[in-house]
Every structure is written in structure tokens, then in C-alpha cells.
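Biologist: I am new to this structure and would be grateful for a close look at a single part of it, namely its paired aromatic rings. Please describe that part in detail and then place it within its surroundings.

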Amino acid sequence: MAGTTHAHWSSRWAFIMAAVGSAVGLGNIWKFPYEANAGGGGAFVLVYLAFVFLIGTPLLVAELSLGRRGQSSPIRSMEKIAKEEGRTNWWSLVGWSGVIGSFIVISFYSIVGGWTLSYVVEAVTGGMTGITKDAAEAHFNDMVTDPINPLIWHAVFMAITVGIVLRGVEGGLEKAVTVLMPALFVLLVGLVVYSGVTGDFSAAVNFLFAPDWSKMNADVALNALGQSFFSLSLALGSIMVYGSYLTKDVKIGKAAVTIAGADSAVAIMAGLAIFPIVFQFGLTVGKEEGLVFMTLPIAFGQMTGGAVIGTLFFGLLTVAAITSSISLLEPSVSYLEETDKLDRKKATFLIGTAAFLLGSLSSLGFGVLSDVTIFGKSIIGFKSYITNNLMMPLAGMFMAIFIGWFISRKNIMDELAMEDRWFRVWYFMIKFVCPIAILIVFYNIVFGF
Ligand code: TRP
């Protein structure tokens, strides 16, 4: 079977780039700034960082270690480990939730990925020059409600993702991330420096780091936790399948801290690239998806060299989205590949096409299908609700419970090979803090309001 020759990263560096590539995405550059804005800036940022390091990082260690021990797709990894530990096969549901959840997420992630691609072209062709606020808003609305155009970009984005994933772990994923991630980093640093020099940097720093606690409430805290999970790519199989390609010599604890640190750094740098421009131009920060797609083009349209900066910015966003989308396709591809009914190429085509079709519904949901609601939500809203608010917290909680209470402590110690005192801290977090914190948040999401 294909699983006997399970692939591996060629180096620790390649793995770190891939995992950081998965984590750093639209979540950091598109979502984080507007969530921070909605949550009152600094207060949100501090709570967010606390969640990333206290809950997200221990879970990252947990998910990576399950993957590495299982050396298979998330479904089979969970099955195998449950069996080895003499536990019920029901634990494989955690793997199923990951494979299905990541498939649902890629279907709509790719829509936004398509938007970013279309904005690269818009910026290159000077389409943003001199654009007014009304025109920028109208442009965005016209784009997302159009029945055809966003689907074409969605298809292009999905094709790029498929093109990388079908080449396999070393030849596809690894090659792409080791080129794209350093490029992304250079672009981002360049943009932060540019914003710092030309924009209102101190207003941005103030906004991002001076907490206004009056805006903090349970709702905002929930958003911060959800955002930390999403940003770290937790609990939907991406991290588990990347862990399955790890060799035993990589220290998972250290790797997780590096990944979480890099992911947070990019989120904050994205804020430092975006807000100085927003404040400099006296733009009111747009709500929701508007910040990046409606507000920034106005600034790019006014500044000297705006076409270049705009192109670089949307290029950066696209690169970040691609290195994440490949990790969203991989869990289901690895599962199909493992069943031995399909080779990797066919499996990737199949999943990519299915995700494209499912995603098209979300795209049409902005326009011709805007009357269609599922439990009172738009199509994309519904998909994001079940993945973000149900599957992610539940799978995360059960992963922590599984490791904390149903696997022998010795086996985990062997797997992680952590220094004793760090292991104790981590074990305490996984056993008690993570499940309880997630339970509280989950209860509030589902029954609280
Ligand atoms: N973390 C990515 C982002 O911030 C998105 C992502 C990739 C993801 N894989 C995931 C989110 C798995 C949840 C689960 O854009």
C-alpha cells in the first residue's frame, strides 16, 4: 500500500517553512487586522497572543505529535494510535473531522484567494489609480457579486493549489514553500519599512499595542480564540498531516514555538504594514473583508508608486494564501492516496475539482444565490460557522482530551523527547487548561448568545 512509503520532509527547515506557510495566510493579513480593529486594537492583540501561546502552542505540539506517531493521513493516524493504546475506534472521528473540515475550508478559502489574484491584476494594470472611496466599494461589490468573474479566479487559484499538491511532498509542497516563504518575508519587511517611513507609524503602533479594555468582552475574547486556532491552522488535519511527514529527529516542542512565533510576528507585521497607511490617509477602517479589499486600494491609488506597492501587497497576500491552501488540500489527498484506489495525481485532481464545485456555491452566494440561506446564514457564512465554531473547537478539545487522558504518559514523553520541566508544563496545559478553556468558549459559541 502507498502508506508504507509515506513521504517525509527532506529537512527540518523544509518542515518549518511548510508549517509556517500553512499558518501564515489570509488569516494573518486579511482577517487579523480587521478582527483587531473590531476588538479595539491592543486589547484584542494581547488576548490573542495569550491564546496563541497558552492554548494554541500546546495544541500545536499535540497535533504534530499525533501526526508523526501515526505516519499516515489524519484518519488512519488516529485509528492506529487509538488501537495501539487500546482505545475505541471512535477516536478516528477526530481525523475524519479534520479531513472533512479542511475540505470545506479550502472550498471557500479559494474564493478569497481568487479575489486576491484579481486584485494583483487590478493593481498591475493601474486600476486603482485615483480611485475614490465609493468607487473602491463599488468595485469590490461588483466583483464579488458577479456570477462569472470570481469563479474564473477561484478556478485559477484552485489550479495553482492542485498543481503544487499533485507533485507530492518533496517535489511540490516543499519546493513551493521554500521559495515562497522567504519571498513573502522579504516583501512583508519591505512593506512595513515603506509604511513606517511614509505612513503614520506611531498611530498604528498605538492602535495595535495600547489596549482599550473597554472594548473587551466575552464576544471579543471568543473571536480572539477562534482567530488563534484558525491562524495556527489547528485541529483541521493540516498540522497533523504535516506532522506525519516529520522524521523522528525533529524536536516538536521547539518547532511549535517557532511556528507560533513566526505566525504571530507576521500577523503583527501585517498590522504594521496596513494601519500606518490607513491612518496616514485618514481612511476610516473598513469593516470585515473591506479593510484589505476596499480601504487599501484607495490609499494605493493616491500614493506615489502606489501601483507597485499595491501589486506587491496583493502579491504577498496571494503567496500567503497559496502556502495555506496547499495544506488545506493535503489532508483529504493523503487520505485518498492511502486507500490505494487512486494515485496522488488523480486524488488531487478529484479533490481539487470537488472543492472547486463546492466553493462555487459560496461564491455565487454573494450574488445570484444571495437569497439562499442555510439556518439563517449565507452559504459561505454557514461553511465558516460549522468549521470555525463547531469542528475546530470540538476536534481541538478532543485531541487534548485524547492525549491528556487516553494515551499513556510514557508514550507521549518518548514521542516528544522534551526537557522534563517543559514536558510537565505542556502536559498540564493539555490535560486541564486546553480542554476546559475550549469547553467554556465552545459553550458560549453554541449556547451563549
Ligand atoms: N492558517 C491559515 C490562515 O491563517 C489557514 C489554514 C490553513 C487553516 N490550514 C488550516 C485554518 C487548517 C484552519 C485549519 O490563513
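Modeller: Tyr 119 and Phe 314 are both buried. The model in which they appear is a predicted one. A search of the whole structure finds 31 aromatic pairs. One of them joins Trp 115 to Phe 366 in an edge-to-face arrangement, with 5.5 Å from centre to centre and 65 degrees between the planes. This pair links distant parts of the chain, since Trp 115 belongs to helix H5 (residues 92-124), while Phe 366 sits in the loop between helix H15 (344-364) and helix H16 (379-406), 251 residues apart. Trp 115 counts as buried because its relative accessibility is 2%. Phe 366 has a relative accessibility of 24% and therefore counts as partly exposed, as the buried class ends under 20%.

Tyr 119 and Phe 314 form an aromatic pair as well; theirs is tilted, with 5.2 Å from centre to centre and 50 degrees between the planes. Here too distant parts of the chain are linked: Tyr 119 lies in helix H5 and Phe 314 in helix H14 (residues 306-338), 195 residues apart. These two pairs belong to one aromatic cluster, formed by Trp 115, Tyr 119, Phe 140, Phe 293, Phe 300, Phe 313, Phe 314 and Phe 366.

The surroundings of Phe 314 can be given residue by residue. Leaving aside neighbours within four places in sequence, Phe 314 is in contact with Thr 116, Tyr 119, Val 120, Met 128, Val 292, Phe 293, Pro 297 and Phe 300. Phe 314 also has a place in the largest nonpolar core, which has 150 residues; Phe 15, Leu 59, Phe 293, Phe 313, Phe 314 and Trp 426 are those with the most contacts inside it. Helix H12 (residues 252-280) gives the most to this core, with 16 residues.

Pro 297, a contact of Phe 314, also leads to Ile 131. Beyond its neighbours within four places in sequence, Ile 131 is in contact with Ala 136, Pro 297 and Ile 298. Ile 131 is found in the loop between H5 and helix H6 (133-145). With a relative accessibility of 14%, Ile 131 counts as buried. Ile 131 and Ala 299 are 168 residues apart in sequence, yet their C-alpha atoms are 8.6 Å apart in space.

A separate buried position is Ser 228, in helix H10 (residues 218-231). Ser 228 counts as buried because its relative accessibility is 1%. A polar atom of its side chain lies 2.7 Å from the backbone oxygen of Leu 225. Not counting residues up to four places away in sequence, Ser 228 touches Tyr 48, Phe 51 and Val 52.

The ligand completes the description. It is surrounded by 17 residues, of which Ala 23, Gly 27, Tyr 109, Phe 230 and Ser 233 come nearest. A nitrogen atom of the ligand is 3.2 Å from a polar backbone atom of Ser 22, and an oxygen atom of the ligand lies 3.0 Å from a backbone N or O atom of Ala 23. Ser 233 takes part through its side chain, where an N or O atom is 3.0 Å from a nitrogen atom of the ligand. Taken alone, the ligand exposes 370 Å², and the protein buries 100% of that.

How values were computed: Residues numbered from 1 in each chain as written. Predicted model: local features only at pLDDT ≥ 70, side-chain atom pairs only at ≥ 80, totals over all residues. Heavy atoms only, no water. Core = buried A, V, L, I, M, F, W, Y, C linked by side-chain atoms within 4.5 Å. Buried < 20%, exposed > 50% of the residue type's maximum accessible area, 1.4 Å probe, protein only. Helix = DSSP H or I, 4+ residues; strand = E, 2+ residues; numbered from the N terminus. Contact = heavy atoms within 4.5 Å. Near = heavy atom within 4 Å. Polar contact = N/O pair within 3.5 Å; in protein donor to acceptor, adjacent residues only side chain to side chain. Areas by Shrake-Rupley, 256 points an atom, 1.4 Å probe, with all protein chains shown as cover. Phe/Tyr/Trp six-rings, centres within 6.5 Å; stacked < 30°, edge-to-face > 60°.
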